[in-house]
Structure formats: C-alpha cells, structure tokens
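Thanks for coming, everyone. I'll put the structure up and then walk you through a few spots that caught my eye.

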Amino acid sequence: MENVSNVEKLESIKSLQSTIRKLETALSQMTQKGANTTLVKKRLKAVCIGLAMLEYVWNQSPHHYTQEDLAEARNVLTGLFPSIENIYIKSKVGSPQKTLLERRIKALKLAVQAIDERYLSN
C-alpha cells in the first residue's frame with residue numbers, strides 16, 4: 001500500500017466512520033418509512049468492510065470477511081465514485097462540503113486499495 005501519513009490514516013478512518021453513521025441513520029429512517037433499503041444495506045456493509053480492511057492493513061486488526069465479501073464490497077465502493085466525484089466537482093471551492101468529499105474519496109480509494117491487496121494476496 002502506498003505511503004500514507006498518520007494524518008491521512010486518521011482522516012480516512014474518521015471519514016469512513018462518519019459515512020457509516022450517515023448510512024445507519026438513512027437506513028433507520030428508510031425502514032421507518034417502509035422504503036426499499038437494499039441499496040443502503042449494501043453500501044453500509046461495503047463501507048464497514050472498507051473500514052475493516054484499512055484497520056487490518058494499518059493496525060493489524062483482525063476481520064472475518066470472506067473473499068466473496070471483499071469482492072462484493074470492492075464493486076459497491078468503486079460504484080460510489082462517479083456520484084461522489086460529480087458532487088465534488090459541483091461543490092464550492094474551500095467549502096466544508098468539498099473538504100468532506102475530498103476525504104471521503106481518498107478514504108474510499110484507500111479502502112479499495114486495501115481490499116485489492118488483501119484480495120489479491122490470497
């Protein structure tokens with residue numbers, strides 16, 4: 001995995017934790033409204049796996065995910081890039097939104113890289 005500073009590691013972990021909280025909130029609200037939650041559940045699982053892979057690579061934290069889980073999470077995470085990058089392009093320079101999106105994109109790219117290294121190493 002590329003050289004990642006401790007600041008970038010911390011920001012990436014915090015970004016994914018924040019994303020997980022937002023997805024959990026969305027899932028709860030959608031469940032209460034009786035909306036279809038399939039997509040949010042898939043994204044939530046994928047981001048959780050991404051976070052676990054970063055913690056595995058950087059902190060040697062154990063995980064219980066299978067190759068199939070990793071492959072599916074990788075597909076879901078890479079599928080998020082176009083929409084996030086589109087919002088990023090439209091956001092105002094110097095805004096908190098732009099900073100949040102920069103960190104989220106970086107965190108997701110690092111998570112995909114961690115999955116690739118774990119997935120391809122077996």
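Let's start right where α2 stops: the helix is followed by Gln 60, and the phi of Gln 60 is positive, near 55°. Keep in mind that this is a predicted model. For those of you who like Ramachandran plots, Gln 60 shows a positive phi in a residue other than glycine. As background, most residues other than glycine have a negative phi. Where does Gln 60 sit? The answer is the loop between α2 and α3. Is Gln 60 buried or exposed? With a relative accessible area of 59%, Gln 60 counts as exposed, because the cut-off for that class is over 50%.

Pro 62 belongs to the loop between α2 and α3 too. Its relative accessibility is 76%, so Pro 62 is exposed. If you look back along the chain from there, the C-alpha atoms of Pro 62 and Ala 52 are 8.1 Å apart, with the two positions 10 residues apart in numbering.

There's another positive phi to point out, just after α1: Gly 34 has one of about 75°.

Now the helices themselves. α1 runs over 28 residues and covers 41 Å from first C-alpha to last, close to the expected 40 Å at 1.5 Å a residue. Its buried residues include Ser 12, Ser 15, Ser 18 and Thr 19, alongside Ile 13, Leu 16 and Ile 20.

For α2, 22 residues reach 31 Å, close to an expected 32 Å. Among the buried residues of α2 are Val 40, Leu 44, Gly 50 and Trp 58.

What about α3? Its 24 residues should span 34 Å at 1.5 Å a residue, and the end C-alpha atoms lie 36 Å apart, which agrees. Still, α3 has a bend of about 30° at Phe 81, with a proline, Pro 82, following within four residues. Phe 81 is also one of the buried residues of α3, as are Leu 80 and Ile 84.

How do α2 and α3 pack? In general, two packed helices are described by the angle between their axes and the distance between the axes. Here the angle is about 110° and the axes are 8 Å apart. That makes α2 roughly perpendicular to α3, because angles from 65 to 115 degrees fall in that class. From α2, the contact includes Lys 42, Arg 43, Val 47, Ile 49 and Met 53, and α3 brings residues including Asp 69, Glu 72, Val 76 and Leu 77.

Some of those names come back in the largest nonpolar core. Of its 33 residues, Leu 16, Ile 49, Met 53, Leu 54, Leu 77, Leu 108 and Ile 115 touch the most other members. Each of α1, α2, α3 and α4 supplies at least two residues of this core. Which helix gives the most? That would be α2, with 10 residues.

Let me zoom in on Leu 16. Leaving aside neighbours within four places in sequence, Leu 16 is in contact with Val 47, Gly 50, Leu 51, Leu 54, Ala 107, Leu 108 and Ala 111.

One last stop: Ser 91, in the loop between α3 and α4. Its relative accessible area is 13%, so Ser 91 is buried. Not counting residues up to four places away in sequence, Ser 91 touches Gln 97, Lys 98 and Leu 101. That's my tour, and I'm happy to take questions.

Technical notes. Residues are numbered from 1 along each chain as its sequence is written. This is a predicted model: local features need pLDDT of at least 70, side-chain atom pairs count only at pLDDT 80 or more; totals for chains, interfaces and linings use all residues. Side-chain values use heavy atoms; hydrogens and water are left out. A nonpolar core is a set of buried Ala, Val, Leu, Ile, Met, Phe, Trp, Tyr and Cys residues joined through side-chain atoms within 4.5 Å. Buried means under 20% relative accessible area, exposed over 50%, partly exposed in between (1.4 Å probe, protein chains only). Contact means heavy atoms within 4.5 Å. The expected span of a helix is 1.5 Å times one less than its number of residues. The bend at a residue is the angle between axes fitted to the seven residues ending there and the seven starting there. Axes are lines fitted to C-alpha atoms, for helices over the stretch in contact, and angles run from 0 to 180 degrees between N-to-C directions. Angles under 35 degrees count as roughly parallel, over 145 as roughly antiparallel, 65 to 115 as roughly perpendicular and the rest as oblique.
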